[in-house]
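Biologist: I would like to learn how to read salt bridges and a sheet in a model that is new to me. Could we go through them step by step?

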Amino acid sequence: MDPQGGDGGLAFRGPHSRPHEKVKLRKRKSTLYSGAQDKGAGHRRDLLGENIYLVLFTIALRIFNCFLVQTSFVPDEYWQSLEVAHHMVFNYGYLTWEWAERLRGYTYPLVFASIYKILHLLGKDSVQLLIWIPRLAQALLSAIADVRLYSLMKQLENQELGRWVFFCQLCSWFTWYCCTRTLTNTMETVLSIIALFYYPWEGSKSMNSVTYSFLVALAFIIRPTALIPWVPLLFRHFWQERRKLDLILHHFVPVGFVTLSLSLVIDRIFFGQLQRDIGYFCMLGHKEFRFIYPVLPFCMVFCGYSLTHLKSWKKPALSFLFLSNMLLALYTGLVHQRGTLDVMSHIQKFCYNSPNKSSASILILMPCHSTPYYSHVHCPLQMRFLQCPPDLTGKTQYLDEADIFYLNPLNWLHKEFHNDASLPTHLIIFSVLEEEISAFLTARNYERTAVFFHTHLPEGRTGSHIYVYEQKLNGKLNRRLRRIEDSLLSSDYRTLSRKGSSRI
């Protein structure tokens, strides 16, 4: 018998077979093979649609990332999130001018206020948990976004490109620097990445119009500028959709209505009235580098695509990419601008180590909002900082309190504290201010008690170090003794005078 192959089967020609007649053997499915395949599939564990070990690795990395970021970036990571949440739950603290004017929304701070409330109800609202739990929650969300970005690239292209994009995303020093911070920009980026996963891309297996449009609407509520990169994508979806009216009436309108209504209800509860305008900030000329953070994941796609097609010098290129980003990540996360957090840890001691909490009072003579506030102290200490609300009345040559102070610090201090009884027990300043107010510090018996490194790149009103000055008790006691002594001497003098007069 001669084996013959054809049409994908195996044929044999026997002595009784007719010429050119093929007898095909029936293909039988191997029970052993299929059982092993089913068993292997059963043993594979998935999470978020990906291998569980990949997901757990990403979560662990972002938690590690969180604890290796011990520096401050911008005031908004505290003053527009944690400080507001602390005020919502514990009913003390400070709200900046945007909240007084009802120009911000409570939706994003409510996330952290919920965490604070749970900790408070459990009796676990220690200052360290209030600081770290919100950041760990943000780290978890960022890890989910990282996995979704990998899944999206794998679906749209292939696994190799997905891996390289994932590698670039995890290596990015600026992502490392920002992704665990309680910034609206961070939440905006997370929501945008997850929304892209559910967007109806060609070849995507995870498209869901309701889910992605809800995430986009939520990102818009948190930060209105989040809508800018989504405008062309929303028009693309509308243009390619056959049932356009159904898309608008059954997807976009209900999602927008529910999300906006929820935001208005939240603001109505905490403001006591409706918010004025969340869109006001879109018209301001003030811009910062962090505003383009949501675009960074798109850049990682191009970076991963370039690595995929890199043929020569690939290992040196990867080594340089990894090492250069890690050095920047570690420097910015552990060294640059860490003093403002370290000094707040020092202030905590005034509250928890002092038997009389009301005895300490803090004056922060630094550019406004340089440090966090009660969210990083969690104790009703007397604290004050230089304020800098913008002019909302249209006055010409308007100067805020911080500007007035820095025009003539020594003069401001003498006018503000003409009476020794009103002096704070502690002053916190940047090193660049020390020489200018040294006369006041000496005259009021303030002594430097702590020094914290802040940055290698001081500029303007920001110094390389932060100094803590404390007014020593012996100074106050000496002044009181001098006053008592003067009073006694004058009293004795008057007595002697009266006796001398009577003798005469």
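Modeller: We will look at the salt bridges and then at one sheet, keeping in mind that this is a predicted model.

Biologist: How many salt bridges does the rule give?

Modeller: A pair counts when a side-chain nitrogen of Lys or Arg lies within 4 Å of a carboxyl oxygen of Asp or Glu. By this rule the structure has 15 salt bridges, and one of them joins the side chains of lysine 154 and glutamate 50, with 2.8 Å from N to O.

Biologist: Which parts does the pair of lysine 154 and glutamate 50 tie together?

Modeller: Lysine 154 belongs to helix 7 (residues 127-156) and glutamate 50 to strand 5 (residues 50-51), so this salt bridge ties together parts that are 104 residues apart in sequence.

Biologist: Is lysine 154 buried or exposed, and is glutamate 50 buried or exposed?

Modeller: The term buried is kept for residues under 20% relative accessible area, and exposed for those over 50%. Lysine 154, at 25% relative accessibility, therefore counts as partly exposed, whereas glutamate 50, with a relative accessible area of 5%, is buried.

Biologist: What does aspartate 403 form a salt bridge with?

Modeller: Its partner is arginine 461, and the closest N and O atoms of the two are 3.4 Å apart. This pair links distant parts of the chain, since aspartate 403 sits in helix 17 (residues 401-407) and arginine 461 in the loop between strand 9 (446-453) and strand 10 (465-471), 58 residues apart. Aspartate 403 is partly exposed at 23% relative accessibility, and arginine 461 is partly exposed with a relative accessible area of 35%. Elsewhere, salt bridges that share partners join Asp76, Glu98, Arg104 and Arg290 into one network.

Biologist: Let us turn to the sheet: what is the order of its 5 strands?

Modeller: The order is 7-6-8-10-9, in an open sheet with mixed pairing. Strand 7 (382-385) and strand 9 stand at the edges with a single partner strand each, which means that one side of each has no neighbour in the sheet. From one strand to the next, the twist averages 20°.

Biologist: How many bridges join strand 8 to strand 10?

Modeller: There are 5 bridges between strand 8 (residues 426-430) and strand 10, and these two strands run antiparallel; histidine 426, for instance, has glutamate 470 in strand 10 as its bridge partner.

Biologist: Which strands does helix 16 touch?

Modeller: Helix 16 (residues 339-352) packs on the sheet and touches strand 6 (361-365), strand 7, strand 8, strand 9 and strand 10, while its direction makes about 135° with that of strand 9.

How values were computed
Residues numbered from 1 in each chain as written. Predicted model: local features only at pLDDT ≥ 70, side-chain atom pairs only at ≥ 80, totals over all residues. Heavy atoms only, no water. Helix = DSSP H or I, 4+ residues; strand = E, 2+ residues; numbered from the N terminus. Buried < 20%, exposed > 50% of the residue type's maximum accessible area, 1.4 Å probe, protein only. Pairing = 2+ DSSP bridges. Axes fitted to C-alpha atoms, helices over the stretch in contact; angles between N-to-C directions. Contact = heavy atoms within 4.5 Å.
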